[in-house]
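Me: Please take a close look at the salt bridges in this predicted model. Which side chains meet in them, and are the partners buried or exposed?

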Amino acid sequence: MVRGMVALSVLLVPLAGPGSAHAAETLPLEEAVASLPSAVESRDGYDRSAFRHWTRGDDLSDGCNTRNEVLLSEAVDPPEVGAGCRLTGGRWWSYYDSQWVTSASGLDIDHMVPLAEAWDSGAFAWSSERREAYANDQGSAVSLVAVTARSNRSKSDQDPAEWLPPTGDVHCRYVVEWVATKLRWGLSADTTELAALNEEAADCVGWSVTYEPAA
């Protein structure tokens, strides 16, 4: 099933990564938010290059990097794959802003929890290998998402206290994906972020978060 078009009425189920040793957990959204550890955030020492990303991808036989594997996975109409995993044609749905995109070059692959936010929330203490795994995480269907370049750059490194998708009816989905990613990777949230997540969760009755802790 195409990831970008999966109906997410009450449940988000991440894809199990190869060799995963951790069982998936499911919590009502409000309980999931309450499970996030609270901590003060600091961007001291952050450098985007600390997260090596768009590596060879999960399928070493397809010649595609992580970016293109996500594009292939989320395509509503699959593109043609040429030499060097060059993608032509295809069609994608950018759920942040409810836009159809017909060129891979018009899409960014968004880190649901941006790299800078991950650093602030605990990744500063990780090994370089774990940061690389985070930046290329295809073990969950929600960690990486293909969206319009405009919406991704509007979001930048902001958390849900500062930015939510312009399409209002996807806010519950977005908050569920955000919380699932933070729980998957054991990342914290600051008080302002938690307040915003709790406010959104109160309006998302019946929504649940399913996540699998990263190895």
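Reply: The following account takes the salt bridges pair by pair.

In this predicted model, the count comes to ten salt bridges. Side chains of opposite charge can pair when their charged atoms come close.

Strand E6 and helix H5 are a suitable place to begin. Asp108 and Arg153 meet through their side chains in a salt bridge, with an N to O distance of 3.1 Å. Asp108 belongs to strand E6 (residues 107–111) and Arg153 to helix H5 (residues 149–155), so that this pair, 45 residues apart, links distant parts of the chain. The partners are as follows: Asp108 has a relative accessible area of 12% and counts as buried because the limit is under 20%, while Arg153, at 59%, is exposed because its value is over 50%.

A further salt bridge joins Asp110 and Lys155, whose closest N and O atoms are 2.7 Å apart. Here too distant parts of the chain are linked, with Asp110 in strand E6, Lys155 in helix H5 and their positions 45 residues apart. Asp110 is buried at 3% relative accessibility, and Lys155 is buried at 0%.

Another pair involves helix H6. The side chains of Asp137 and Arg184 form a salt bridge at 2.8 Å, N to O. Asp137 lies in the loop between helix H4 (128–135) and strand E7 (144–148), whereas Arg184 lies in helix H6 (residues 171–185); the two are 47 residues apart, and the pair links distant parts of the chain. Both Asp137 and Arg184 are buried.

Finally, a network of salt bridges links Arg43, Asp120 and Asp157.

Definitions and conventions. Residues are numbered from 1 along each chain as its sequence is written. This is a predicted model: local features need pLDDT of at least 70, side-chain atom pairs count only at pLDDT 80 or more; totals for chains, interfaces and linings use all residues. Side-chain values use heavy atoms; hydrogens and water are left out. A salt bridge is a side-chain nitrogen of Lys or Arg within 4 Å of a carboxyl oxygen of Asp or Glu. Helices (H or I, at least four residues) and strands (E, at least two) are DSSP runs, numbered from the N terminus. Buried means under 20% relative accessible area, exposed over 50%, partly exposed in between (1.4 Å probe, protein chains only).
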